[in-house]
Amino acid sequence: MITYLPEIYPDELVYSWFCRYAIHSGYTSHKRVLQELYCKKSDTPIKEFIGNLNPEARECIDKMYPLRDLVLNHTMYPQYARFIPLEQKKDALYKLCYQNCDVHHLFAVLPRCEKEQYLKYCPVCASEDRQKYGETYWHRKHQIRNMGICPKHKCKLQDSSVSAKSMNIYNFSVAEIAISDSEEYIPVDNPLQIRFAKYTEQVFDAPVDFEKDVPLSTILYYAMKNTKYMKSTGKCRYMTKFVSDMTRFYEQIELNEIASIGRIQRTLLSGERYDFSLTCQIGFFLNMTSEDLTAPKLSEEQIRTEKESHYIKEKTTPDWEEYDNKMSLAIEAVAADIYSGAADSMGKPEKVTEKFICRILAIKQHQLENMPKCRAVLERYSESYPESWARKLVWAYEWLENNEENIFYWKHLRKLTGIKKERFDEIIPYLKKYADEDEVKLIVATVKGI
């Protein structure tokens, strides 16, 4: 039973709060903290959200700090939910508060680029935190995708040694220990870079609208209207010119990732993408205010007009070769992450399926008929279920070896993988492909209880 929780600081990640709880409570074992907070051992402390709290912890925390406020003010919910449809936004908020739900089922959580692999921090913020609170903590705003500088102090954010992914279940990495007090302050003197960081911060901080449901495509349509990137009729947009100008514009800013033409098109033309950083890039480039993005004053008539205009895309034939080339790269990246386990918070590998890939990348399955390169990528990752179970079983055995202090049994493997014991004979032939002979013998012995 939780009897004490430290004060949660402004803009602090819940993960950071739990890290400080672990230290302040004097626990020497991460397992004890997990037992107090989460339902079972396999529940990972999710760095961007709260995680699957057990009923006692949920009730206790809800009394001290309402879960709804905790999700809105101390998780990355505003980044992922800001521009999604209203009902999906409400559903995601409820599930993050009261249900155990994979966030990949709630939002489009894209794989991290090379420069977004670790929790970030501002050395000046860390120094100020220590002066004011006696310790520093992980700030939410520093973890926003493509946030390269601290908007407050106009200096570069530094990478910590703590992974931004939730790969280790027994790892509460408190910022006070992870962040040195002698880190170098690197000022930024690019006015455009500073303005973009402040703009991103303003969009992130704006209240989430749970009343109006204005599609993102409509908001951006009216931002483009009366610019050189749209015909006066509103029926045609000059996307090549727009993307070219926008790319040159952002080459002046040291962004971690500049949006591709494919992602921009799917956001502007179809409204199928709700990526926060991409939307901020488009909005800032079009001179939209943060209020224009987060609290648009558009009528139902304007929404209908926009819908009629952008559905003209269905009457045209897309450039399948160009689309195939671009999407094959995206499919390769996502499939590799799913196959290797990089897409999972615990590192668990999964079977790559056409349906799952299409849902993540918002591709209609029938479109693959016109995309041979994409089909070739999916074919390379094709495997039978027994083989995918074998990979998952080897991963689970190695994971338990590294994380379980006591002897583990079949039930532990089953909990991690969901594999049924009666299917094990189908799996055995594939084990040697992913484990050496000694490890295969140990896995077989564990499964059969020898």
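Colleague: Which residues of the largest nonpolar core touch the most other members?

Modeller: This is a predicted model, and in its largest nonpolar core, which has 96 residues, Phe-18, Tyr-77, Phe-107 and Phe-242 touch the most other members. Taking Phe-18 as the example, and not counting residues up to four places away in sequence, the residues touched are Leu-37, Tyr-38, Ile-50, Leu-53, Ile-61 and Phe-172. Apart from the largest core lies another one of 23 residues, and Val-394, Leu-400, Phe-424 and Ile-427 are among its members.

Colleague: Moving to the chain as a whole, how many helices and strands does it have, and what radius of gyration would a compact globule of 450 residues have?

Modeller: The chain has 22 helices and four strands. A compact globule with 450 residues would have a radius of gyration near 22 Å, and the 24 Å of this chain agrees with that. Along the principal axes, the C-alpha trace spans about 75 × 60 × 40 Å. Buried residues make up 52% of the 450 residues, and among contacts with a separation of 6 or more, residues 24 or more positions apart account for 72%.

Colleague: How should I read a single helix, and what span should α9 have?

Modeller: The general idea is that an α-helix has 3.6 residues a turn, so residues three or four places apart point the same way. As for the span, helix α9 covers residues 191–205, and at 1.5 Å a residue its 15 residues should span 21 Å; the end C-alpha atoms are 21 Å apart, which agrees. At the start of α9, a side-chain oxygen of Asn-190 reaches to within 3.0 Å of the backbone nitrogen of Leu-192.

Colleague: Which residues of α9 are buried, and against which elements do they pack?

Modeller: Buried in α9 are Leu-192, Gln-193, Ile-194, Phe-196, Ala-197, Tyr-199, Thr-200, Glu-201, Val-203 and Phe-204, a list that includes polar residues such as Gln-193 and Glu-201. The buried residues of α9 pack against α5, β2 (149–150), α11 (239–250), α13 (276–285) and α14 (290–294).

Colleague: Where does Gln-79 lie, and is it buried or exposed?

Modeller: Gln-79 is placed in helix α5, residues 77–81, and it counts as buried because its relative accessibility is 3%, where the cut-off for buried is under 20%. Leaving aside neighbours within four places in sequence, Gln-79 is in contact with Glu-48, Gln-143, Ile-144, Arg-145, Phe-204 and Phe-276; of these, Phe-204 is also listed among the buried residues of α9. In addition, a polar contact of 3.4 Å joins the side chains of Gln-79 and Tyr-80.

Colleague: What can be said of α16, and which residue follows it?

Modeller: Helix α16, residues 320–340, has 21 residues and reaches 29 Å from its first C-alpha to its last, close to the 30 Å expected at 1.5 Å a residue. Its buried residues are Tyr-323, Asp-324, Met-327, Ser-328, Ile-331, Val-334, Ala-335, Asp-337 and Ile-338. The residue that follows α16 is Gly-341, whose phi is positive, near 100 degrees.

Colleague: Which residues other than glycine have a positive phi, and where do they lie?

Modeller: Two cases can be described here. Lys-154, which is not a glycine, has a positive phi of about 55 degrees; Lys-154 lies in the loop between β2 and β3 (155–156), and is partly exposed, with a relative accessible area of 37%. Asn-226 has a phi near 65 degrees and is found in the loop between α10 (216–224) and α11; at 79% relative accessibility, Asn-226 counts as exposed.

Colleague: Where is Tyr-65, and why does it count as partly exposed?

Modeller: Tyr-65 lies in the loop between α3 (55–64) and α4 (67–74), and it counts as partly exposed because its relative accessibility is 21%, whereas buried would require a value under 20%. Leaving aside neighbours within four places in sequence, Tyr-65 is in contact with Ile-8, Leu-70, Asn-73 and His-74.

Colleague: Finally, how many disulfides does a search of the whole structure find?

Modeller: The search finds zero disulfides. As for individual cysteines, Cys-60 counts as buried at 13% relative accessibility, whereas Cys-236 counts as partly exposed at 30%.

Terms used
Residues numbered from 1 in each chain as written. Predicted model: local features only at pLDDT ≥ 70, side-chain atom pairs only at ≥ 80, totals over all residues. Heavy atoms only, no water. Helix = DSSP H or I, 4+ residues; strand = E, 2+ residues; numbered from the N terminus. Buried < 20%, exposed > 50% of the residue type's maximum accessible area, 1.4 Å probe, protein only. Contact = heavy atoms within 4.5 Å. Polar contact = N/O pair within 3.5 Å; in protein donor to acceptor, adjacent residues only side chain to side chain. Core = buried A, V, L, I, M, F, W, Y, C linked by side-chain atoms within 4.5 Å. Expected span 1.5 Å × (residues − 1). Disulfide = S-S within 2.5 Å. Rg over C-alpha atoms; globule rule 2.2 N^0.38 Å.
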